[in-house]
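Reader: Hi! I have a model open and would like to go through it with you, a bit at a time. Can you take a look?

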Amino acid sequence: STLTLDFYDFWVYLIYMKHNKELDPILNFQVVAVDRHTGRPQFATISAPSQTDADDFVAEMAPDWIIIRTGN
């Protein structure tokens, strides 16, 4: 299955407009995980400033997923 979280871009834009801060560019990152209960692979494309941020966001939003982290 695929996790789609489109609200993240909008949320970052609102914070930027409210506080007028310099933000890192938002890029799309592929997050790969394994479902804790079924063992099936899971994939998500997340917009975030870094791969680590994308991994952390999915780990927080989908606690039943075991995130596969690359060596970064």
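Reader: Thanks! Where is Asp-55 placed?
Author: Asp-55 is in helix α2. Keep in mind as we go that this is a predicted model.

Reader: Noted. Is Asp-55 buried or exposed?
Author: Asp-55 is buried, because its relative accessibility is 3%, and the cut-off for buried is under 20%.

Reader: And what is Asp-55 in contact with, leaving aside neighbours within four places in sequence?
Author: With that filter, Asp-55 is in contact with Val-31, Ile-67 and Arg-69.

Reader: Arg-69 caught my eye. How do the side chains of Arg-69 and Asp-55 meet?
Author: They form a salt bridge, with 3.9 Å from N to O. Arg-69 lies in the segment after β4 (65-68) and Asp-55 in α2 (residues 51-61), so this pair ties together parts that are 14 residues apart in sequence.

Reader: Remind me, why would such side chains pair at all?
Author: Side chains of opposite charge can pair when their charged atoms come close.

Reader: OK. How many salt bridges does the count come to?
Author: Two salt bridges. Besides the one with Asp-55, the side chain of Arg-69 also meets that of Asp-56 in a salt bridge, at 2.9 Å from N to O. Asp-56 sits in helix α2 and Arg-69 in the segment after β4, so here the parts tied together are 13 residues apart in sequence. Through shared partners, Asp-55, Asp-56 and Arg-69 are joined into one network.

Reader: Nice. What about the accessibility of Arg-69 and Asp-56?
Author: Arg-69 is partly exposed, with 44% relative accessibility. Asp-56 is partly exposed too, with a relative accessible area of 37%. Asp-55, by contrast, is buried at 3%.

Reader: Back to the helix. Which residues of α2 are buried?
Author: Gln-51, Ala-54, Asp-55, Phe-57 and Val-58 are buried in α2. They cover an arc of only 165 degrees around the axis, which means they are on the same side of α2.

Reader: You said Val-31 touches Asp-55. Where is Val-31 found?
Author: Val-31 is in strand β2. Its relative accessible area is 0%, so Val-31 is buried.

Reader: What else is Val-31 in contact with, beyond four places in sequence?
Author: Val-31 has contacts with Gln-42, Phe-43, Ala-44, Ile-46, Gln-51, Ala-54, Asp-55, Val-58 and Ile-67. The C-alpha atom of Val-31 is also separated by 9.7 Å from that of Ala-59, 28 residues apart along the chain.

Reader: Which residues make up the largest nonpolar core?
Author: That core has 12 residues: Phe-29, Val-31, Ala-33, Ala-44, Ile-46, Ala-48, Ala-54, Phe-57, Val-58, Ala-62, Trp-65 and Ile-67. At least two of its residues come from each of β2, β3 (41-48), α2 and β4.

Reader: Pick one for me. What does Phe-29 touch, with the usual filter on sequence neighbours?
Author: Not counting residues up to four places away, Phe-29 touches Ala-44, Thr-45, Ile-46, Ala-48, Pro-49, Ser-50, Gln-51 and Ala-54.

Reader: Which way do the side chains along β4 point?
Author: They alternate. Trp-65 and Ile-67 point to one face and are buried, whereas Ile-66 and Ile-68 point to the other face and are not buried.

Reader: And how many bridges join β2 to β4?
Author: Four bridges join these strands, and they run antiparallel. Across that pairing, Val-32 stands opposite Ile-68 of β4.

Reader: Changing topic: where is the place of Pro-25?
Author: Pro-25 is in the loop between α1 (7-19) and β2 (27-35). Its relative accessible area is 58%, so Pro-25 is exposed. Beyond four places in sequence, Pro-25 is in contact with Ala-48 and Pro-49. The C-alpha atoms of Pro-25 and Pro-49 are separated by 5.8 Å, with their positions 24 residues apart along the chain.

Reader: Last bit, the overall picture. What pattern does the chain follow?
Author: Along the sequence the pattern is β-α-β-β-α-β, with two helices and four strands. Of the 72 residues in the chain, 29% are buried. The accessible surface is about 5200 Å², and 56% of that belongs to carbon and sulfur atoms.

Reader: How much of the contacts comes from residues 24 or more positions apart?
Author: Such pairs account for 44% of the contacts in the chain with a separation of 6 or more.

How values were computed: Residues are numbered from 1 along each chain as its sequence is written. This is a predicted model: local features need pLDDT of at least 70, side-chain atom pairs count only at pLDDT 80 or more; totals for chains, interfaces and linings use all residues. Side-chain values use heavy atoms; hydrogens and water are left out. Buried means under 20% relative accessible area, exposed over 50%, partly exposed in between (1.4 Å probe, protein chains only). Contact means heavy atoms within 4.5 Å. A salt bridge is a side-chain nitrogen of Lys or Arg within 4 Å of a carboxyl oxygen of Asp or Glu. The arc is that of the directions from the helix axis to the C-beta atoms. Two strands pair if DSSP finds at least two bridges between them. A nonpolar core is a set of buried Ala, Val, Leu, Ile, Met, Phe, Trp, Tyr and Cys residues joined through side-chain atoms within 4.5 Å. Accessible areas come from the Shrake-Rupley method with a 1.4 Å probe; for residues, only the protein chains shown count as cover.
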